[in-house]
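Trainee: May we go through this structure together? I would like to begin with single residues and then turn to the ligand and the whole chain.

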Amino acid sequence: MMTGNPAPRRLSIFGSTGSIGRNTLDVVDHLGGRENFEISVLTGNGNVELLARQARSFGARMAVTANDRHYQSLKNELSGSGITVAAGKSGLMEAADREADWVMAAIVGTAGLAPTLAAARRGADIALANKECLVSAGDLFIKSIHEGGGRLLPVDSEHNAIFQVLEENQRHAIERVILTASGGPFRTASLEEMAGVTVETARAHPNWSMGLKISIDSASMFNKALEMIEARHLFGLKPEQIEVIFHPQSIIHSMVGYSDGSVLAQLGTPDMRTAIGYALSFPPRPNLPVERLDFARLARLDFEAPDERRFPALRLARLAMTRGGVQGAVLNGAKEVALEAFIERRLSFLAMADITERVMDDLAHLPPASAMDDVFVADRLARQRAAELMKLDAAG
Ligand SMILES: NC(=O)c1ccc[n+]([C@@H]2O[C@H](COP(=O)([O-])OP(=O)(O)OC[C@H]3O[C@@H](n4cnc5c(N)ncnc54)[C@H](OP(=O)(O)O)[C@@H]3O)[C@@H](O)[C@H]2O)c1
């Protein structure tokens, strides 16, 4: 009989220098690091120094910066290490082509689409943090997962929560999923107050510490809108089965309602390492040093229905899901341009949804995507149209 330790699992982390990527390496470290895992590829973009440090410390086989201009500095940082270095879009595709059992998809934005789809097609298990894969290219992405034969493991805390409490053998009995949302900094603000929101007030998320864009997306509920579309694709739901409820303490991360009236919820302190660890160890649960819930100290959990007049992004998500096709890509592309304009103080907070909805209406005729290029075209057209509309509004 053969004995000995099983071969270490091969992991790749796309976006290892970001918040999710750093937390993933922290979890890997807690679960035995190089003893239990072999790091195939780490990718980053601008933070070359951190990428090189991570690659050396975890003994990665390959390190990729998505930015061609950083190739030489990454090469210099890693000289003598024996670690293969690559850069640019082709470097990311090389990364996707490397052998890996499990890939963390944590590149922010549409840049994550092509490498993640390619890794899915190769058959790796995909731990999905990047939202665009499902929001913009949901049907194609799910098809790639099926073709490759790997598993899709949601990392976004809400979807990870649903994944944890969704009873696969009871699919027929699932009535609804309930995504929780903290409500952000403007949960109790009036419509008038929200008209005057600034970048500084919008970025202050009460419970989670995140980057600028995702914090503003959380304040406007666009982040929740993207999560609704994600949930539809991940769990094969109808738009009317997806509900959103404000829950300011962010302790319940989401819930699934069944036909017998039962609702199963996943609770925990807001720490992404729980979701990442679950996706890494699944099905067994790992041992992680996250803060434990103290119910006596918590005392209460509150809930309230979101007001879609103040948070129109939620209505736009439902519209995109009902229309289907590339409307998710259009919503996301238009929202990105509106968000940039808000950050640069060229657009008001509430106008982000207004611009997005007008672009979605203008591009409602686009056909469904049969290849990734169709998604990129929809994204480009949406961005162009959003810019045009803002120019027209500013002129008129
Ligand atoms: N943070 C959270 O709590 C959280 C929760 C749920 C879901 N998510 C989702 O997970 C994804 C990652 O979030 P994050 O918070 O980790 O973002 P982040 O901190 O901004 O990190 C993004 C990562 O992507 C890299 N990157 C940036 N631009 C790129 C480009 N053009 N091409 C290739 N790589 C690029 C960054 O590299 P450099 O840093 O080297 O520039 C970094 O490694 C997002 O889609 C987000 O919506 C995040």
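**Residues, ligand and chain**

Trainee: Does methionine 221 count as buried or exposed?

Mentor: This is a predicted model. In it, methionine 221 counts as buried because its relative accessibility is 2%, and buried means under 20%.

Trainee: And what is the place of methionine 221?

Mentor: Methionine 221 sits in the loop between helix 10 (212-220) and helix 11 (222-235).

Trainee: What is the phi of methionine 221?

Mentor: The phi is near 75°, a positive value in a residue that is not glycine. As background, a negative phi is what most residues other than glycine have.

Trainee: Which other residue has a positive phi although it is not a glycine?

Mentor: Serine 250 is one, with a phi of about 50°. Serine 250 belongs to the loop between strand 9 (242-246) and strand 10 (252-258). Serine 250 is also buried, because its relative accessible area is 6% and the limit for that class is under 20%.

Trainee: Back to helix 10, then. Which residues does the side chain of serine 220 reach?

Mentor: Serine 220 is in helix 10, and its side chain reaches two backbone atoms. One is the backbone oxygen of aspartate 217, at 3.3 Å; the other is the backbone nitrogen of phenylalanine 222, also at 3.3 Å.

Trainee: What is serine 220 in contact with, leaving aside its neighbours within four places in sequence?

Mentor: With those neighbours set aside, serine 220 is in contact with Phe311, Ala313, Phe349 and Met352. At 8% relative accessibility, serine 220 counts as buried.

Trainee: Changing topic: which peptide bond is cis?

Mentor: The bond from phenylalanine 282 to proline 283 is cis, with omega near 5°. In general, most peptide bonds are trans. Proline 283 lies in the loop that runs between helix 12 (272-281) and helix 13 (295-298).

Trainee: Now helix 2. Which of its residues are buried?

Mentor: Helix 2 covers residues 48-58, and its buried residues are Val48, Leu50, Leu51, Ala52, Gln54, Ala55 and Phe58.

Trainee: What do the buried residues of helix 2 pack against?

Mentor: They pack against two helices and two strands: helix 1 (19-30), helix 3 (71-77), strand 2 (37-44) and strand 3 (62-65).

Trainee: And what is helix 2 followed by?

Mentor: Glycine 59 follows helix 2, and the phi of this glycine is positive, near 65°.

Trainee: Take valine 64 in strand 3. What is valine 64 in contact with?

Mentor: Apart from neighbours within four places in sequence, valine 64 is in contact with several residues, among them Val41, Leu42, Thr43 and Gly44. Leu51 is another contact of valine 64, and Leu51 is one of the buried residues of helix 2. The list for valine 64 also includes Leu74, Ala86, Ala87, Gly91, Leu92 and Ala95. Valine 64 counts as buried because its relative accessibility is 0%.

Trainee: What separates the C-alpha atoms of valine 64 and leucine 50?

Mentor: They are 12 Å apart, with the two residues 14 places from each other along the chain.

Trainee: On to the ligand. Which residues come nearest to it?

Mentor: There are 21 residues around the ligand, and Thr17, Ile20, Asn45, Asn47 and Asp156 come nearest. By class, this shell has nine nonpolar, 10 polar and two charged residues.

Trainee: Which residues have a polar backbone atom paired with an oxygen atom of the ligand?

Mentor: Three can be named. A ligand oxygen atom is 2.9 Å from a polar backbone atom of isoleucine 20, 3.1 Å is the corresponding distance for glycine 18, and for alanine 129 the distance is 3.4 Å. The ligand taken alone exposes 900 Å², and the protein buries 80% of that.

Trainee: Finally, the chain. How many helices and strands does it have?

Mentor: The chain has 17 helices and 11 strands. Its C-alpha trace spans about 70 × 50 × 40 Å along the principal axes.

Trainee: What is its radius of gyration?

Mentor: The chain has 21 Å, which agrees with a compact globule because 396 residues would then give a value near 21 Å. Of those 396 residues, 54% count as buried. The chain exposes about 17,600 Å², of which carbon and sulfur atoms supply 50%.

Trainee: What percentage of contacts join residues at least 24 apart?

Mentor: Among contacts between residues at least 6 apart in sequence, the value is 67%.

Terms used
Residues numbered from 1 in each chain as written. Heavy atoms only, no water. Near = heavy atom within 4 Å. Polar contact = N/O pair within 3.5 Å; in protein donor to acceptor, adjacent residues only side chain to side chain. Areas by Shrake-Rupley, 256 points an atom, 1.4 Å probe, with all protein chains shown as cover. Nonpolar A, V, L, I, M, F, W, Y, C, P; charged D, E, K, R; others polar. Helix = DSSP H or I, 4+ residues; strand = E, 2+ residues; numbered from the N terminus. Rg over C-alpha atoms; globule rule 2.2 N^0.38 Å. Buried < 20%, exposed > 50% of the residue type's maximum accessible area, 1.4 Å probe, protein only. Contact = heavy atoms within 4.5 Å.
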